[in-house]
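Colleague: I'm new to this one and I'd like a close look at a single part: the surroundings of the ligand and the pieces that pack around them. Please start with the framework, so I know where I am.

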Amino acid sequence: MGSAGSPPPTLDATTQEDLKRVAAYKAVEMVKSDMTLGLGTGSTAAHALDRLGALLRNGALRGVAGVPTSLKTEAHAARVGIPMLALADAAEIHLSIDGADEVDPDLNLVKGRGGSLLREKMIEGAGGRFVVIVDESKLVPRLGCTGAVPVEVVPFGSAYTLGLIRKVFDQLPGFSARLRTVKSKAGDDAEEIFVTDNGNYIVEMFFDDGIHGDLRAISDSLLRITGVVEHGMFLGMATSVIIAKKDGSVSVLT
Ligand code: 5RP
């Protein structure tokens with residue numbers, strides 16, 4: 001956890017962590033008292049939680065409530081004193097603040113390498129502004145350039161669903177897919193299947209040189225595969241992207 005209560009960082013940020021904090025604090029400047037917020041997941045969003053908690057504790061903000069996008073964020077928000085609401089109980093979400101794994105020139109995103117893509121998409125797509133906070137390393141010419149595009153699938157028949165995904169996208173250049181695994185909790189060298197907060201699995205889609213195809217068509221094809229719950233391409237959802245750069249500048253793309 002970060003620096004709850006610490007003053008805003010200056011713009012001579014040098015480490016990637018500093019840049020994440022700068023972007024996060026900038027986004028929190030947009031929060032006003034009595035707002036309901038979508039609370040993102042990940043190391044960048046964690047800085048926003050710390051800052052929000054600090055501003056609530058010192059009375060600079062009042063009446064703010066957050067809808068957490070993961071169990072991890074829920075626990076973090078509770079630790080720093082952010083009141084929370086379930087999505088169903090939030091009359092309106094005014095503003096969501098979250099990181100991203102990739103941002104393309106049209107502000108399309110890859111999200112969910114932390115595994116929280118479904119709740120993120122539900123909450124950040126529920127209305128209001130969706131402000132994305134990144135350091136400049138997340139800017140890419142095409143989605144899928146720097147790692148996996150995650151796809152949440154139901155565990156039942158997941159190997160079959162993986163086979164369908166492979167069949168549908170096999171013709172895309174440099175495509176491969178696999179089920180996400182993590183080191184076994186038993187502490188040995190074994191791997192186990194990663195399970196999301198919703199009890200689902202993640203298929204990771206890889207593209208050697210990023211996605212050259214039509215993103216909307218790929219999204220539609222994915223969502224037509226029975227067994228696929230949601231994918232981590234967030235197309236046309238970001239209302240602005242705050243980018244903290246190594247040269248000390250911060251830019252906002254809309
Ligand atoms: C989690 C996410 C995160 O926002 C994304 O992975 C970026 O994380 P970080 O800020 O740690 O780089 O989508 O599901």
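**From the sheet to the ligand**

Modeller: Start with the open sheet of 6 strands, which runs in the order β2-β1-β3-β6-β14-β15 and has mixed pairing. Its edges are β2, residues 65-68, and β15, residues 250-253, and each of these pairs on one side only. From one strand to the next, the twist averages 20°. Keep in mind that this is a predicted model.

For a pair to look at inside that sheet, take β6 (residues 129-135) and β14 (residues 240-244), which run in the parallel sense and share 5 bridges. Val132 sits opposite Val241 of β14. There is a helix on this sheet as well: α3, residues 71-80, packs there and touches β1 (36-39) and β2. The direction of α3 makes about 155° with that of β2.

Now to the part you asked about. Which residues are closest to the ligand? They are Gly42, Ser43, Thr44, Gly99 and Gly114, out of 18 residues that surround the ligand. Two or more residues of this shell come from each of α2 (43-57) and α4 (117-124). The most come from α2, with 3 residues. Sorted by class, the shell holds 10 polar, 5 charged and 3 nonpolar residues.

With α2 giving the most to the shell, let's see what that helix packs against. One neighbour is α3, the helix you just met on the sheet. The axes of α2 and α3 come within 9 Å and cross at roughly 25°. Angles under 35 degrees count as roughly parallel, so α2 is roughly parallel to α3. The crossing is right-handed. On the α2 side you'll find Ala45, Ala46, Leu49, Asp50 and Gly53, and they meet Thr73, His76, Ala77 and Val80 of α3. In terms of class, that contact has 5 nonpolar, 3 polar and 1 charged residues.

Another neighbour of α2 is α1, residues 16-28, and here the packing angle is about 50°, with the axes 8 Å apart. The two helices α1 and α2 are therefore oblique to each other. Their crossing is right-handed. From α1 the contact takes in Lys20, Arg21, Ala23, Ala24, Tyr25, Ala27 and Val28, while α2 brings Ser43, Thr44, His47, Ala48, Arg51, Leu52 and Leu55. By class that makes 8 nonpolar, 3 polar and 3 charged residues. Look again at Ser43 and Thr44: they belong to this contact with α1, and they are also among the closest residues to the ligand.

That leaves α4, which also gives two or more residues to the shell. To place α4, you need another sheet, an open one in which 4 strands follow the order β8-β11-β7-β12 with antiparallel pairing. Here the edge strands are β8 (175-179) and β12 (228-231), each paired on one side only. Direction ignored, neighbouring strands of this sheet are turned by 25° against each other on average. Within the sheet, β8 and β11 (residues 201-207) pair in the antiparallel sense over 5 bridges, and Phe175 stands opposite Phe207 in β11. Helix α4 packs on this sheet, where it touches β7 (149-153) and β12, and its direction makes about 65° with that of β12.

So, for a route through the model: pick out the ligand with Gly42, Ser43 and Thr44 among its closest residues, follow α2 to its contact with α3, and then trace α4 to the sheet it packs on.

Technical notes:
Residues are numbered from 1 along each chain as its sequence is written. This is a predicted model: local features need pLDDT of at least 70, side-chain atom pairs count only at pLDDT 80 or more; totals for chains, interfaces and linings use all residues. Two strands pair if DSSP finds at least two bridges between them. Axes are lines fitted to C-alpha atoms, for helices over the stretch in contact, and angles run from 0 to 180 degrees between N-to-C directions. Two residues are in contact if their C-beta atoms, placed from the backbone, lie within 7 Å. A residue is near a molecule or strand if its C-beta atom, placed from the backbone, lies within 6 Å of it. Ala, Val, Leu, Ile, Met, Phe, Trp, Tyr, Cys and Pro count as nonpolar, Asp, Glu, Lys and Arg as charged, and the others, Gly among them, as polar. Angles under 35 degrees count as roughly parallel, over 145 as roughly antiparallel, 65 to 115 as roughly perpendicular and the rest as oblique. A crossing is left-handed if the near helix is turned anticlockwise from the far one by less than a right angle, and right-handed if clockwise.
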